[in-house]
Amino acid sequence: MTEEEMQLAKIHEMPKYARVESFEQKLYRKFSEEPLVPIGCVGTAYFLATGIKSFYNRDAIRSQKMMRARVGAQFATLLVLAGYAGMSSLNFNIAPGYHPKERFGDEEESA
């Protein structure tokens with residue numbers, strides 16, 4: 001192998017860089033991967049705005065209910081976010097080299 005061929009081989013082995021995502025592409029990708037998080041954020045914002053409006057109208061009972069609902073929506077959103085993070089980090093491949101069906105199939109053929 002000549003030096004020029006070695007250089008060409010090194011060029012072909014170089015890693016390819018991923019294209020940079022725009023804000024809209026990343027937003028769409030995140031919404032499609034984790035749809036419950038933005039829904040929880042919208043719910044939290046709704047309860048917050050309704051609670052502030054009720055406070056402004058001097059409706060203390062409704063304002064208190066909305067603030068409690070806001071805390072519940074925040075808690076639910078955090079649980080969903082933690083659930084998505086936990087599911088993405090789980091590894092169900094406990095024994096990567098173990099394939100029981102292939103192994104048993106090989107033993108039946110050899111017997």
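Leaving aside residues up to four places away in sequence, Ala 73 touches Gly 43, Thr 44 and Phe 47. This is a good place to start looking around the model, which is a predicted one.

Where does Ala 73 sit? Its place is in helix H4, which covers residues 60-89. Ala 73 is buried, because its relative accessible area is 14%, and the cut-off for buried is under 20%. Ala 73 can also be compared in position with Ile 39: the two are 34 residues apart along the chain, and their C-alpha atoms are separated by 9.9 Å.

Now follow helix H4 as a whole. H4 is made of 30 residues, and from its first C-alpha to its last it reaches 43 Å. That is close to the 44 Å expected at 1.5 Å a residue. Ala 73 has company in being buried, since Ser 63, Met 66 and Thr 77 of H4 are buried too. What do the buried residues of H4 pack against? Their partner is helix H3, residues 36-56.

For a contrast, turn to Phe 23, which lies in helix H2, residues 23-33. Phe 23 counts as exposed because its relative accessibility is 62%, and exposed means over 50%. Together with Leu 27 and Phe 31, Phe 23 makes a nonpolar surface patch of about 330 Å².

Here are the two residues side by side:

| Residue | Relative accessibility | Status |
|---|---|---|
| Ala 73 | 14% | buried |
| Phe 23 | 62% | exposed |

With the structure in view, you can find Ala 73 in H4 and Phe 23 in H2.

Definitions and conventions. Residues numbered from 1 in each chain as written. Predicted model: local features only at pLDDT ≥ 70, side-chain atom pairs only at ≥ 80, totals over all residues. Heavy atoms only, no water. Patch = residues over 30% accessible without salt bridge, like charges linked within 9 Å, V, L, I, M, F, W, Y side chains within 5 Å. Areas by Shrake-Rupley, 256 points an atom, 1.4 Å probe, with all protein chains shown as cover. Salt bridge = Lys/Arg side-chain N within 4 Å of Asp/Glu carboxyl O. Helix = DSSP H or I, 4+ residues; strand = E, 2+ residues; numbered from the N terminus. Buried < 20%, exposed > 50% of the residue type's maximum accessible area, 1.4 Å probe, protein only. Contact = heavy atoms within 4.5 Å. Expected span 1.5 Å × (residues − 1).
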